[in-house]
Structure formats: structure tokens, C-alpha cells
Amino acid sequence: MPGTLRAAVDAVADIGPFFAATANPAEAVDDSWRPTAELYADPEPLSARIEQVAWALGTDERRVAASITYQGLAARLVSPLLAVASVTGLVPPWSPATLHWRRAVTGPWPLWESADDAVRPPAADLPAAVAEVLVEPHLVALASAVRGLVGISARTLAGNAASSVVSAGRMVAQARPEAAGTASALVDALLGSPALAGSGTWARPWSLRRASCCLYYRVPGGGLCGDCVLIPRRAHRTIR
């Protein structure tokens, strides 16, 4: 089991693009990195990201672009942390002050955890520790920042976060079957947090029916996601 933060982050990077991050202290020489706290406080980079997503999707509905932007960024924030905790039992600091992002023209924004690369013991209550580090400091803060720019409901964004959480857990379970039980426990804790409670109905192993819609169906050529509330229950498919 990786004992350092850098090794733990590297151990899960191959699960997928949204799981790749770095804790390499050498990244400190790159002054393009910005703390995620700045993303939640400064409207400019988040507004620019929403415009970029709107252009990529071919939509002029800012509310739709804001929803998809939030879901992508939520998945980016959730995936590496959930994977590291599931696979190694370690919880990176992942605070808005130490977790950094930088712009990218395409694909998910790169992430760098700048905290000191020290040996970190496993958390005594892993699900509670992950929820504490992730939900209010990041998912709630990001939702507040998005809603400060665009008129979109908190319920929609909570559903987006829930979908990102379940999808990340499913991918961890598929890539690292030995960590599936831990991933499931972490997803349960995250969906049970006050901010995400009621955002959807989760049936183990990885079936989610959201209580809201991400609005992707309003994108030209878009449709309904597999976990969408708009899909009739009899036709609702299990996410696998």
C-alpha cells in the first residue's frame, strides 16, 4: 500500500482521465497553478469555463452549460480522492488551499495537491473523513459559486454531484475490484451527507435514479442520461 501522498495519488491515476492528479512537489515551480479556493471566490475563471463548455456543446443556454460545467468539475474533484481513499485507505488533505487547478484547452483540468508529501496514516473513520474533506469544502462551495453566476437550482447541482460520486465509485470498483466494498461505503457516506441527501435513490451496487435532471437533453443532439429522473421507472436502466 502506498505510504506517501504522492505514491497514493499516482497509484490510481490510470483508472481514467478524471482520476489523474499529481502530488509532485516539483509542480511548485509552475506559477499557472491556482488554489481551488480561488476558483470558488473569483467569478472570472468559472464564468470562462461555463462559456467554454457552452461553445463545446453548441448551446446558448447558459443554465445548461453551467449544469454540465458543474458536473464535470464535481467529477474531477471527487474521482481522485475517492479512488485514493478506496484503494489505499489514505485521505489526501484536498483542501481548497492546498488543492490546485490550472486551465486546459480540452479535457479535465489538471489537479495538483500541494500539501507536504508525508506518510499519512489511514483515517479511523474513512467514510466520514472523505465526506468531511470533499462535500462542504468543494462540492457545496463550487455549487454556490456556480449559482452566483447563473440561475440554476441547488437541487439540479446536488443531483449532478450525486451522479459524479456514483460514477466515480463504479469506475473504482471496475478497475480495482478488491476496493469495491470500500468504494461502496464511501459513496454511501457521501450520498448521505446533508448537502446530497435526497439527491437520488441509490441501489447497490451502482444503480442511481436522480431526483433531478442535469439538462443535457437540451443540448443539440443530447438526450437523457441513464440515471435521469425523466426516464420512466420501468425503463430506468442500472448503471454498470
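A residue is counted as buried when its relative accessible area is under 20%. In the predicted model described here, T22 has a relative accessibility of 18% and therefore counts as buried. T22 is located in the loop that leads from α1 (5-11) to β1. With neighbours within four places in sequence set aside, the contacts of T22 are V9, E27, L111, W112 and E113. The strand β3 comprises residues 111-113, and the loop residue T22 is thus placed against L111, W112 and E113.

The strand β3 belongs to an open sheet of three strands, arranged in the order β1-β2-β3 with antiparallel pairing. The edges of this sheet are occupied by β1 (34-35) and β3 (111-113); each has a single partner strand, so one side of each remains without a neighbour in the sheet. The strand β2 covers residues 99-101 and runs antiparallel to β1, to which it is joined by two bridges. Within this pairing, R34 is positioned opposite W101 of β2.

The chain as a whole contains seven helices and five strands. Read from the N terminus, its elements follow the order α-β-α-α-α-β-β-α-α-α-β-β. The radius of gyration is 17 Å, close to the 18 Å given by the globule rule for 240 residues, so the chain is as compact as a globular protein of that length. The C-alpha trace spans about 45 × 40 × 30 Å along its principal axes. Of the 240 residues, 50% are buried. Among contacts between residues at least 6 apart in sequence, 69% join residues at least 24 apart.

Helix packing was examined for α4 (residues 62-88) and α6 (residues 154-175), whose axes lie 8 Å apart and form an angle of about 35°. The crossing of α4 past α6 is right-handed. On the α4 side, the contact is made by S67, Y70, Q71, A74, A75, V78, S79, L82, A83 and S86; on the α6 side, it is made by T156, L157, N160, A161, S163, S164, V165, A168, G169 and V172. The residues of this contact comprise eleven nonpolar and nine polar residues, with no charged residue.

Residue C214 touches both of these helices. C214 lies in the segment that follows β5 (207-210), and its relative accessibility of 6% places it among the buried residues. Beyond four places in sequence, C214 touches S67, I68, Q71, T156, N160 and C225. Among these residues, S67 and Q71 of α4 and T156 and N160 of α6 also take part in the contact between the two helices. The C-alpha atoms of C214 and A37, by contrast, are 25 Å apart in space, with their positions 177 residues apart in sequence.

A further buried loop residue is T59, which has a relative accessible area of 11%. T59 is found between α3 (43-57) and α4, in the loop linking these helices. With residues up to four places away in sequence excluded, T59 touches A54, A65 and P220. Of these, A54 falls within α3, and A65 falls within α4. In addition, T59 and R218 are 159 residues apart in sequence, while their C-alpha atoms are separated by 8.2 Å in space.

Methods. Residues are numbered from 1 along each chain as its sequence is written. This is a predicted model: local features need pLDDT of at least 70, side-chain atom pairs count only at pLDDT 80 or more; totals for chains, interfaces and linings use all residues. Side-chain values use heavy atoms; hydrogens and water are left out. Axes are lines fitted to C-alpha atoms, for helices over the stretch in contact, and angles run from 0 to 180 degrees between N-to-C directions. Helices (H or I, at least four residues) and strands (E, at least two) are DSSP runs, numbered from the N terminus. A crossing is left-handed if the near helix is turned anticlockwise from the far one by less than a right angle, and right-handed if clockwise. Contact means heavy atoms within 4.5 Å. Ala, Val, Leu, Ile, Met, Phe, Trp, Tyr, Cys and Pro count as nonpolar, Asp, Glu, Lys and Arg as charged, and the others, Gly among them, as polar. Two strands pair if DSSP finds at least two bridges between them. The radius of gyration is taken over C-alpha atoms; the globule rule is 2.2 Å times the number of residues to the power 0.38. Buried means under 20% relative accessible area, exposed over 50%, partly exposed in between (1.4 Å probe, protein chains only).
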